[in-house]
Amino acid sequence: MDVLTLSRIQFGGTIAFHYLYPPLSIGLGVVLVIMEGLWLKTQQPIYHQLARFWTKVFALTFAIGVATGIVMEFEFGTNWATYSRFVGDVFGSALAAEGIFAFFLESGFLALLLFGWDKVGRRLHFFATCMVALGAHFSAVWIVVANSWMQTPAGYHLVGEGLHRRAEITDFWALVFNPSMVERLAHTLCGAWQAGAFLVISVSAWYLLKRRHTEFAGAALRVGLVVGLTASGLQLVTGHISAQGVGRNQPAKLAAFEGLYDTTANAPLMIIGWVDEAHEQTHGLELPGALSFLTHNDFHTPVTGLHDFKPEDRPPVTASFLFFHGMVAAGMATLLITILGCFYWWRGTLLQTRWLLWVLVFSVLGPQIANQLGWFAAEVGRQPWLVYGLMRTPEGLSAVVKANVVLTSLIMFTFIYFLLFAVFIYLLNDKIQHGPHEEDLIPAGKLALPAHNPLTP
Amino acid sequence: MNFLHADLNTVWFILIGVLFTGYAMLDGFDLGIGALHLFTREDAERRILLNAIGPVWDGNEVWLVTGGGALFAAFPDVYATVFSGFYLAFMLLLASLIFRAVAIEFRSKQPMPWWRQMWDAGFSAGSLLSSLLIGVTLGNLAWGLPIDERGEFAGTFLGLLTPYPLLLGITTVALFMMHGAIYGVMKTEGALHDKLRGWAMRCIIAFVICAATTTMATLLYVPHIAARVRENPWLFSLALANMLAIANIPREFHHRRDWRAFLSSCAAIATLMLLFGLNQYPNLVYSRPQPEHSLTIYNAASSPKTLGIMLVIALIGLPIVLAYTVSVYWIFRGKVKMDRMSY
């Protein structure tokens, strides 16, 4: 294999593995804020127990997120050095801002969140929890700014020629709020909240099926379902707005998502189907006019097809189509599951409906699949561009790095990440089997003081 | 050489220096504790040392991440040339940092001896290798790299492992072990405390020998640095300040002021980094044998506008970062006490 293919596999593989964890940290961060907030508000020790248990799971996901995240920062320079020279002026600022504003905030307060339970008072601890969650969200903001700039570059001008050609900032805020940033950030964050909520839902449903820690699991399930339903519902809105944005900013990408070759009015929406790339046709179950309507709010406005783009400017159609439709299907499934869950909860029969509890146990895969496929669709749909319209993917490679060297590191990462994943699953399972600590029902140390006590800091 | 040329490029040279110095002072003791880890025999002692760095190590590592991000943003050509040129070395660094991080998190989660020994070895090897590679990288930057006319690295992986960079690598390991031992002295009590004090003294001796050897090797074999020192003899005062800071450590130990010994060790690291920075300036990557291909703070920098924007970000961010770094160290001050949240 050539250095391009190997570098793409390595970057895609390491980022996909990394992206299992940050959404969990962001989503669990929100869940932790809610649980600890409920404890402060209601004074019920069950919420303290919830927060303590889920903090431990959070710590696990956070640790692997940090360890695999450093790899990403290094890989821009190691494998994509020419790209780094081209975008450093623009892209580097977002990464540096992420470091200063997000990572320091997260890691600083993480110490208090994990180890400060009985060293500081309730309100200060709650503040630390909020700051860790906020830091995780800031991190998403800056990394989505950077990625969205690659999709819809703005606020820059090009300077220099040939190898010295590069993008320089002209307007920082135009760069930050580039045309796709806000909707993509909202879509990414909702996906992350789903990931966190569904992990809570899944573990709690499993406890309920096994009739273990039922009071604890019931309380967690309610928090999880509320966050899950909210995020899944919002995801419909943010997904729709993002797709409209793709239609506006990257029409070739939208055409590939839907396998649309000819520019047509009344363009159909594919519910399920496949792309016949040889004959440039897409077959399947379609809703006539729905794509035109969803993209332009009007059934008759034409949607641009792939034939309007030169073959060398088209993204890989089959992959884009499958990733995109897979994401939509997984996302719809999560919404359906949370609606069902909330409906049975409202009727009061959720705990007796064992088939639904089993569905909830496996529902943890839903947001993970949707998040992964969504990013695959976003990045494969961006091809053949590395920076949309400015730099093609092969142009970004490091000039001095050879294929055998990349193969070595690829083998190394494969080995390390399989090991990491095995250890993660082993320890997650171990925490779940152990369950919550009974002594967490009685807060100790400074936490034992009630929140409204004036002596508490 | 004019050190008073305070333009944006110089400011960013200093800021990146501050970030990497912060990394060396803070994560340096984590890596040092890791390197000393296998010398402790009992599980209880290992856990105390792990918990001494437990609440702070990942915050410390963020200094490296932010330093890397700042280098990417301020001097993209240096980031691109060094990271692609040092490909295998940096991949090894990543692997060792990952092993270290994961070992800290996972070691004490299971009681089985084989489990703990496996992660102990990973923690120690990861810490040692990280320190060594960081030192080798600095050594190569001081020695000079083969850079071609496009500004790309023109050497090989094995070409990075020459005696001078390796000497700096070993010096860095000794420095971090000394720093880690002193941090350990500050955080422990009883028998472990006394044991660590003995180790700290041995590490100080090892470091002083390494530092003296490195200084001689630099003056003898690195002509561009030797020339700079000849032109600016006052640079010797920094080397002197470094030695005085080291000499102060046993004195503070004698007076039982362990935290001041730690501050002395931090000062020693800061003077070393300052010396390194002053010898490099205004080069970031000195090209050898063709100095005209060197990457400097001017030909490798981002646009003045970006440097200005980033300076605003840094001026807003750094004070906040310093404030909560200090708060976290304050809240977790004092000797390590084990509880059920411990590693």
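**Domain contact and helix packing in a predicted model**

Mentor: In chain A, 29 residues of domain 1 are in contact with 33 residues of domain 2. This is a predicted model, in which local features need pLDDT of at least 70, side-chain atom pairs count only at pLDDT 80 or more, and totals for chains, interfaces and linings use all residues. Residues are numbered from 1 along each chain as its sequence is written, while chains are lettered from A and ligands numbered from 1 in the order in which they are written.

Trainee: What makes two residues count as in contact?

Mentor: Their C-beta atoms, placed from the backbone, must lie within 7 Å. Helices here are DSSP runs (H or I, at least four residues), numbered from the N terminus. On the side of domain 1 of chain A that touches domain 2 of chain A, α2 (22-42), α3 (45-79) and α5 (122-151) each supply at least two residues. The helix α2(A) gives the most, with nine residues.

Trainee: Why are α3(B) and α12(B) called roughly parallel or roughly antiparallel?

Mentor: Helix α3 (residues 57-74) of chain B and helix α12 (residues 304-331) of chain B pack at an angle of about 175°, with their axes 12 Å apart. Axes are lines fitted to C-alpha atoms, for helices over the stretch in contact, and angles run from 0 to 180 degrees between N-to-C directions. Angles over 145 degrees count as roughly antiparallel; α3(B) and α12(B) are therefore roughly antiparallel to each other.

Trainee: Which residues of α3(B) make the contact?

Mentor: B:Gly59, B:Ala73 and B:Ala74 of α3(B) make the contact.

Key. Angles under 35 degrees count as roughly parallel, over 145 as roughly antiparallel, 65 to 115 as roughly perpendicular and the rest as oblique.
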